[in-house]
Amino acid sequence: MAPRCLPTSISRMSIYGFPSRNSISHMGLFPDTLRNPNRLPFWRDSSRGFSFISLPITRRPSRHSFQVRSIATPTEAVAGFDEMVAETQRKYYMLGGKGGVGKTSCAASLAVKFANSGHPTIVVSTDPAHSLSDSFAQDLTGGTLVPVDGLDSPLFALEINPEKAKEEFRNASQSNGGTGVKDFMDSMGLGMLAEQLGELKLGELLDTPPPGLDEAIAISKVMQFVEAPEYNMFSRIIFDTAPTGHTLRLLSLPDFLDKSIGKIMTLRKKIASATSAIKSVFGQEEARQDASDKLEKLRERMIKVRELFRNTESTEFIIVTIPTVMAVSESSRLHASLMKESVPVKKLIINQVLPPSASDCKFCAVKRKDQMRALDMIKNDPELMSLTLIQAPLVDVEIRGVPALRFLGDIIWK
Ligand SMILES: Nc1ncnc2c1ncn2[C@@H]1O[C@H](COP(=O)(O)OP(=O)(O)OP(=O)(O)O)[C@@H](O)[C@H]1O
């Protein structure tokens, strides 16, 4: 039923992958007759589930070649991939947007495309609900860099656990077995000032870290290790970020932390000299100094994250959306917030666009009309109209595995 209902142009689209040299051993050829007997066989990676797939084609291909009859991509503007690839300096790309619009698929497809174009690349997920493993059809959990199979050029992926990062922060705030900021303030001889500083909400900040902090810490951790000499070779770092709300909080966080921790540090420095003699008598000074050093470090790391986001030379934030009123409205708000934070944004990917239907499917026609209205909305939205609008079609199979990501990448990143 499903294929008949889909627009012709989509059902003629081909996604066909061939296994790379190093993964061929466990590949097999399976007929795709379960879904549509007219379709071509697809590769299946028996160790990891489906790897990828094809839709109808004009002639039956040989095992190592195929011909696509038509790929109807409603792309209106091109991403300028040649420019993206030409830059030899290291570049960071952040992909963000509303939940479920295709951020991971777009980030992973960009990573594959960069790697295939000769850029050793790292793709990182800082979204607490990771889906990079699902997208690559490969287990990438474990918090370390994992080489992505099925590519000839180096592509590494990392799902960083923001919960762990948050734990680290909690430990920093509660070192010396204290109960967070209260002890910390007391230890600094600032107990009497704690109330006056109430408006800074430091207790909440340290004992219940604000949303976005986990992701900010995760990003700063990635920055730390990619700056190490052994990672110099990676010229493209792609972040698959958490949905909009998190990103916005993350962006306002460095300022907030900077202000809050900065004030504490200034006060601490003023009073530390007066209290240190007394504290050292009780043997507490060293541990508390350690706690304050950690906070100072955290503050520095947050400032680095903010700088990375705002660096027009090295960074680009790409918004991903789908053509629905809700997603477009959210993208518009996201863009406004990014502008306010001076984050460079040039491109908007409009994902899952239905091409015109050649069938008489009413559902498809109504859905497409709806999408066209949302596209109009984008073109008239003062926040979004100036961006390069890149359309990507809705395909009738899940974007999963390197060949599928390569296929999607070739559509989006031109
Ligand atoms: N152009 C497309 N055509 C068909 N399916 C797509 C397309 N883009 C993404 N998908 C599918 O939509 C689902 C969600 O995509 P993805 O995980 O990339 O979104 P996300 O924005 O990262 O989600 P989350 O916010 O939950 O992390 C996946 O099943 C993916 O395969």
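**A walk through the sheet and the ligand shell**

Q: Which residue in S11 stands opposite Lys347?
A: Strand S10 (residues 345-353) and strand S11 (residues 388-393) run parallel, joined by five bridges. Strands (E, at least two residues) and helices (H or I, at least four) are DSSP runs numbered from the N terminus, and two strands pair if DSSP finds at least two bridges between them. Opposite Lys347, in S11, stands Thr388.

Q: What pLDDT do local features need in this model?
A: Residues are numbered from 1 along each chain as its sequence is written. This is a predicted model in which totals for chains, interfaces and linings use all residues, side-chain atom pairs count only at pLDDT 80 or more, and local features need pLDDT of at least 70.

Q: What is the order of the strands in the open sheet, and which strands stand at its edges?
A: Eight strands form the open sheet with mixed pairing, in the order S6-S7-S5-S8-S4-S9-S10-S11. Two of these strands have a single partner each, so one side of each is left without a neighbour in the sheet. These edge strands are S6 and S11.

Q: Which residue is the bridge partner of Ile319 in S10?
A: Strand S9 (residues 315-321) pairs with S10 in the parallel sense, over four bridges. Along this pairing Thr321 stands opposite Ile350. For Ile319, the partner in S10 is Leu348.

Q: Which helix joins S10 and S11 in a right-handed β-α-β unit?
A: A crossover is right-handed if, with the strands pointing away from the viewer, the path from the first strand over the helix to the second runs clockwise. S9 and S10 make such a unit with helix H13 (residues 325-340). For S10 and S11, the helix in the right-handed unit is H14 (residues 362-380).

Q: How many of the residues of strand S5 (residues 121-125) are buried?
A: A residue is buried if 20 or more other C-beta atoms, placed from the backbone, lie within 10 Å of its own, exposed if 12 or fewer, and partly exposed in between. Thr121, Val123 and Ser125 point one way from S5 while Ile122 and Val124 point the other way, and all are buried. The buried count for S5 is five of five.

Q: Which residue in S8 is the bridge partner of Ile122?
A: S5 pairs over five parallel bridges with strand S7 (residues 155-159), where the partner of Ser125 is Glu159. S5 also pairs in the parallel sense with strand S8 (residues 236-240), over five bridges. There, the partner of Ile122 is Ile237.

Q: Is Ser342 buried or exposed?
A: Most residues other than glycine have a negative phi. Ser342, in the loop between H13 and S10, has a positive phi near 60 degrees. With 12 other C-beta atoms within 10 Å, Ser342 is exposed.

Q: Which element gives the most residues to the shell around the ligand?
A: Of the 19 residues around the ligand, Gly99, Gly102, Lys103, Thr104 and Ser105 come nearest; a residue is near if its C-beta atom, placed from the backbone, lies within 6 Å. Helix H4 (103-116) and S10 are the elements that give two or more residues to this shell. With three residues, the element that gives the most is H4.
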